[in-house]
Amino acid sequence: MKMKSLVVALIIALPAFCHAVDVPSGIKHDGYDRLLKKYVNGQGLIAYEQWKSSAEDMAALDAYLAQFAASGSAAGGNERHASLINAYNALVLRWILQNYPTESIWALKSSFKEKRHKLGGTMVSLNDIENDMLRPEFGYRTHGVLVCAARSCPPLQQSAYSANGLDEQAARAYRAWLARTDLNEFWSDKNEANVSSIFKWFKGDFEKAGGPKAVMAKYAPATAKSLLEKSDCKITYKTYNWGLNDQGGHGRNYKMSVFDYFH
């Protein structure tokens, strides 16, 4: 394994060993939903410059995130999971907006491991939300809905996740991700699928649901299902583009060094 791949696997895939934290019940996602519809395009890219220039919408994002800070009655089930997904994605957006312009989330210090976010009265990191709360509870579906501001991430959806609609929303996010030929390609003539490195880094999560190919077959375009169902279908992985998912020019030419992983 090349050094860069080894570092990615260790830092992204390993859990942070943080105890699960309660998520406040009754969080209202309408304001966040409005912001997503305003600033996220059909490719999942964000108009960071425009968003940051609006004091009103920056305040609206802060007001939304403030709901997560309080302790009190705890959400459970799909309410908890929808709130955790929205919290993660919104916290990433706020972190990027706070530091914009930047070429990548990895160009910023301790983006994932710093416990700088208050959730249910406890300070947590993005890694805590992903690895210790969502992955053990929401399983492989976690990887199709969390967006860490990179161009190779699953595209950010233009609506907030909700308790009542979560199952279909997560499935829709997977279908949108696997339909993107720049992120996942399926070549029947070559008997090969060239897919996101996420399916390699988090292979253990997908194995619990029958394996990466079985998960992909569930959500991939119809033309790819027969390929993925073949036992001898070869799986290769795309180089992950950590450039910022910006509608503007930032992140388009970002090249990551191993050193960036230790920021």
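Analyst: On a 1 Å grid over the protein atoms alone, a cavity is a set of points where a 1.4 Å probe fits but cannot get out, and its lining residues have an atom within 4 Å of a point. This is a predicted model, where local features need pLDDT of at least 70, side-chain atom pairs count only at pLDDT 80 or more, and totals for chains, interfaces and linings use all residues. Residues are numbered from 1 along each chain as its sequence is written, and side-chain values use heavy atoms, with hydrogens and water left out.

User: How many cavities does the search find, and which residues line the second largest cavity?

Analyst: Searching the whole structure gives two cavities of 30 Å³ or more. The second largest holds about 30 Å³, a volume being the space filled by probe spheres set on the grid points. Its lining is made of Ile 46, Tyr 48, Asn 89, Val 92, Leu 93, Val 147, Ala 149, Leu 156 and Asn 245. Helix α5 (residues 77-99) contributes the most to this lining, with three residues; helices here are DSSP runs of H or I with at least four residues, and strands are runs of E with at least two.

User: What classes do the residues of that lining fall into?

Analyst: Seven are nonpolar, two are polar and none is charged. Ala, Val, Leu, Ile, Met, Phe, Trp, Tyr, Cys and Pro count as nonpolar, Asp, Glu, Lys and Arg as charged, and the others, Gly among them, as polar.

User: What is unusual to look at in Ala 149, and where is Ala 149 found?

Analyst: Ala 149 has a positive phi of about 70° although it is not a glycine. You will find Ala 149 in the loop between α7 (142-145) and α8.

User: Why is α2 called oblique to α4?

Analyst: The axes of α2 (residues 30-39) and α4 (residues 55-66) come within 9 Å and cross at roughly 140°. That angle makes α2 oblique to α4, because under 35 degrees counts as roughly parallel, over 145 as roughly antiparallel, 65 to 115 as roughly perpendicular and the rest as oblique. Tyr 32, Arg 34, Leu 35, Lys 38 and Tyr 39 in α2 meet Asp 57, Ala 60, Leu 61 and Tyr 64 in α4, where contact means heavy atoms within 4.5 Å. By class, this contact has six nonpolar, no polar and three charged residues.

User: What makes α8 roughly perpendicular to α11?

Analyst: The axes of α8 (residues 166-178) and α11 (residues 212-219) come within 8 Å and cross at roughly 95°, axes being lines fitted to C-alpha atoms over the stretch in contact, with angles from 0 to 180 degrees between N-to-C directions. That makes the pair roughly perpendicular. Ala 171, Tyr 174, Arg 175 and Leu 178 in α8 meet Val 215, Met 216 and Tyr 219 in α11.

User: Which residues does Lys 234 touch?

Analyst: Lys 234, in strand β5 (residues 234-237), touches Asn 191, Glu 192 and Ala 193, not counting residues up to four places away in sequence.

Key. On a 1 Å grid over the protein atoms alone, a cavity is a set of points where a 1.4 Å probe fits but cannot get out, and a pocket is an open set with protein on both sides within 12 Å along at least five of seven lines; lining residues have an atom within 4 Å of a point.
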